[in-house]
Amino acid sequence: MFLRDCWYVVGFSGDLGGAPVARTVCGRPIVLFRTASGRAAALEDRCGHRAAPLSRGVCAGETIRCPYHGLEYDRDGRCTRVPSQEHIPDTLHVRAYPLVERDAVLWLWPGEPARADPRAIVSQAYHEDSAWAWNHGMLEVAAEQQLVVDNLLDLSHLQYVHQGTLGGNPEEDAAAELTVERHGNAVHVRRWLRNVTPSARNVLALGAVERVDRWQEFVFRPGVLQFHSGAAPANTGALDEGRREHATSIRHFHGITPATAASTLYFFSSAWNFRADDAEFGAKMTETTISTFLEDKALLEAQQLRLAQEPDRPLRTLRSDAGVVHARRIMAELLAAEAAATAS
Ligand code: FES
Ligand SMILES: [Fe+2]
């Protein structure tokens with residue numbers, strides 16, 4: 001069952017140019033396209049005539065043209081042209097989805113359009129701020145969305161899955177000070193590591209430093225996780241006093257979009273406010289980001305196979321799963337609310 005009344009990331013602005021893009025979201029085929037005037041749109045990816053995928057077609061002015069017999073559709077899904085006849089039957093229209101382009105992110109609402117409120121979209125303002133350099137990407141993960149969310153919410157996996165990239169010293173990491181709180185439909189997690197060995201990424205960011213204070217602080221809302229990580233030389237006030245002007249900050253943004261019941265579109269960006277003009281450093285950051293996520297992907301896909309073999313066997317919960325438990329509860333509540341709203 002999918003939570004459809006939710007804003008999901010379906011791409012980054014720069015990825016949507018002159019060619020249509022196909023996405024599967026909550027089990028439904030969707031085509032994204034950009035019109036000649038620069039406006040982005042999302043339609044069901046199925047022509048109203050003979051069901052050809054519109055994503056195989058082309059953008060034509062303010063419309064998208066079907067690759068089969070050339071029917072054209074506007075941003076609202078209205079058929080505006082049938083090359084073989086003048087009359088355009090209403091039955092040719094296709095479903096349009098609410099789509100918002102903001103902070104260089106494309107957000108889609110696959111649920112009931114009347115319940116789509118763009119004010120619920122979280123801000124990613126640093127994507128548009130030249131003080132920050134950023135990269136972005138997307139991975140298709142052959143695992144259900146909830147497993148990807150679980151992975152992000154239990155960072156005790158860092159020192160095992162990401163030893164070569166993010167992990168520091170396993171014993172120090174296990175002693176992280178963890179705070180997990182639910183606020184409305186959001187989970188706030190704070191993980192502080194005091195006076196610890198720097199990770200490979202910390203060294204990349206800070207240069208040679210013996211001991212660091214590290215933090216991983218994030219907020220999860222259904223479909224999106226915003227993550228702030230950073231490090232500063234140890235005992236310089238970055239944790240308790242919040243003095244982080246001498247620290248390195250990285251803002252991670254994760255869009256976790258259910259594709260099918262067993263696959264997820266995992267969108268990510270990482271932004272950093274230091275060495276923002278250093279292209280070589282930027283390339284290294286991108287390389288580390290992608291290798292980190294590939295490590296998660298391999299683990300999650302193996303986990304999905306095991307779960308599929310025995311789907312009814314229960315999972316167990318540890319103290320480090322506090323964020324996971326909150327997130328699963330929020331999802332269950334929102335699914336129930338959506339079912340009730342749809343039934344009424
Ligand atoms: S199937 Fe699209 S125009 Fe015929
Ligand atoms: Fe991970």
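In this report, a contact means heavy atoms within 4.5 Å. By that rule, and not counting residues up to four places away in sequence, His157 touches Asn151, His162 and Asp296.

The model is predicted, so to speak of local features we need pLDDT of at least 70, while side-chain atom pairs count only at pLDDT 80 or more and totals for chains, interfaces and linings use all residues. Residues are numbered from 1 along each chain as its sequence is written, chains are lettered from A and ligands numbered from 1 in the order in which they are written, and side-chain values use heavy atoms, with hydrogens and water left out.

**The whole chain**

The protein chain has six helices and 17 strands; these are DSSP runs (helices H or I, at least four residues; strands E, at least two), numbered from the N terminus. Buried residues, meaning those under 20% relative accessible area with a 1.4 Å probe and protein chains only, make up 50% of the 344 residues. Along its principal axes the C-alpha trace spans about 75 × 50 × 35 Å.

**Around His157**

Let's return to our opening residue. His157 is found in the loop between H1 and H2, and its relative accessible area of 14% makes it buried. Its side chain takes part in two pairs listed below as polar contacts (N or O atoms within 3.5 Å; within protein, one must be able to donate a hydrogen and the other to accept it, and residues adjacent in sequence count only if both atoms are side-chain atoms).

| Partner of the His157 side chain | Distance |
|---|---|
| Backbone oxygen of Asp154 | 2.8 Å |
| Side chain of His162 | 3.2 Å |

**The iron ion**

Which residues coordinate the iron ion (ligand 2)? They are His157 (NE2), His162 (NE2) and Asp296, which appears twice (OD and OD), at 2.1 to 2.3 Å. Donors here are N, O and S atoms within 2.8 Å of the metal (3.2 Å for Na, K and Ca), and water is not among the atoms, so sites may look incomplete. Along the chain the donors follow the spacing H-x4-H-x133-D. His157 and Asp296 link distant parts of the chain, 139 residues apart, with Asp296 in helix H5.

**Helix H5**

Helix H5 covers residues 279–309. Its 31 residues should span 45 Å at 1.5 Å a residue, and the end C-alpha atoms are 46 Å apart, which agrees; the expected span is 1.5 Å times one less than the number of residues. Among its buried residues are Phe281, Met285, Phe293, Asp296 and Leu300. What covers the buried residues of H5 includes strand S11 (133–141) and helix H1 (145–153). At the start of H5, a side-chain oxygen of Asp278 reaches to within 3.2 Å of the backbone nitrogen of Glu280.
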